[in-house]
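Open the structure in your viewer and keep the sequence panel visible beside it. This tour moves from one selection to the next, and at each stop it says what is there.

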Amino acid sequence: MFMEKLIRETERLSLICSMLDTMRRADADRNARGWTSPIGMLKITRCCAMISELGTSIAKAGYRECDRQSLEEIMRETRQVLHLLNARATA
C-alpha cells in the first residue's frame, strides 16, 4: 500500500521536474518557468514531503514492501531535489 503511493508520488515529482516540461514552459529567453514559480516550488515541496512521509512509514513497517537500498535511493534523490530547490530560492 505505502509502496504504491510512494511510486505515484515519485512519478508525480518526476513529471513536475522533467526537463521536457521545463523546456516547454520556458520563456522566449529559455528561462525556466512553472516549477520555479512560488506555486511550482510549493508543489515540489509538497511532493517531497509526501515521499518522505511514505518512506518513513515503509521503514517503520520493516521494509516489507520495498528493499532498504531502493528506499534509500529514493529518499536521497528527494533530498537532492529539495537541496537544489532551496539553493535556487536563496540565489
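Select Glu-9 to begin, and remember as you look that this is a predicted model. Glu-9 has a relative accessible area of 10%, and because anything under 20% is classed as buried, Glu-9 counts as a buried residue. The salt bridge that joins the side chains of Glu-9 and Arg-46 has an N to O distance of 3.2 Å. This pair links distant parts of the chain, since Glu-9 belongs to helix α1 while Arg-46 belongs to helix α3 (residues 38-60), and the two are 37 residues apart.

Keep Glu-9 selected and add Arg-12, whose side chain also meets that of Glu-9 in a salt bridge, here at 3.3 Å from N to O. Both residues lie in helix α1 (residues 2-17), three residues apart, which is about one turn of the helix. How exposed are the two arginines? Arg-12 is partly exposed, with a relative accessible area of 36%, and Arg-46 is likewise partly exposed, at 41%.

Now move to helix α4 and select Arg-68 together with Glu-72, whose side chains form a salt bridge with an N to O distance of 2.9 Å. These two residues are four apart in helix α4, and so about one helical turn separates them. Glu-72 is partly exposed, with a relative accessibility of 36%. Returning to the earlier selection, salt bridges that share partners join Glu-9, Arg-12 and Arg-46 into one network. A search of the whole structure finds three salt bridges, and in general, side chains of opposite charge can pair when their charged atoms come close.

Stay in helix α4 (residues 68-90) and select Thr-78, which is found there. Is Thr-78 buried or exposed? Thr-78 is buried, with a relative accessible area of 5%. Its side chain reaches the backbone oxygen of Ile-74 at 2.9 Å, and, leaving aside residues up to four places away in sequence, Thr-78 touches Cys-48 and Ile-51.

Finally, clear the selection and look at the whole chain, which has four helices and zero strands, running α-α-α-α from the N terminus on. Of its 91 residues, 23% count as buried. Among contacts in the chain with a separation of 6 or more, 69% come from residues 24 or more positions apart. If you display the surface, the chain exposes about 6,500 Å², of which carbon and sulfur atoms supply 56%.

Methods:
Residues are numbered from 1 along each chain as its sequence is written. This is a predicted model: local features need pLDDT of at least 70, side-chain atom pairs count only at pLDDT 80 or more; totals for chains, interfaces and linings use all residues. Side-chain values use heavy atoms; hydrogens and water are left out. Buried means under 20% relative accessible area, exposed over 50%, partly exposed in between (1.4 Å probe, protein chains only). Contact means heavy atoms within 4.5 Å. Accessible areas come from the Shrake-Rupley method with a 1.4 Å probe; for residues, only the protein chains shown count as cover. A polar contact is a pair of N or O atoms within 3.5 Å; within protein, one must be able to donate a hydrogen and the other to accept it, and residues adjacent in sequence count only if both atoms are side-chain atoms. A salt bridge is a side-chain nitrogen of Lys or Arg within 4 Å of a carboxyl oxygen of Asp or Glu.
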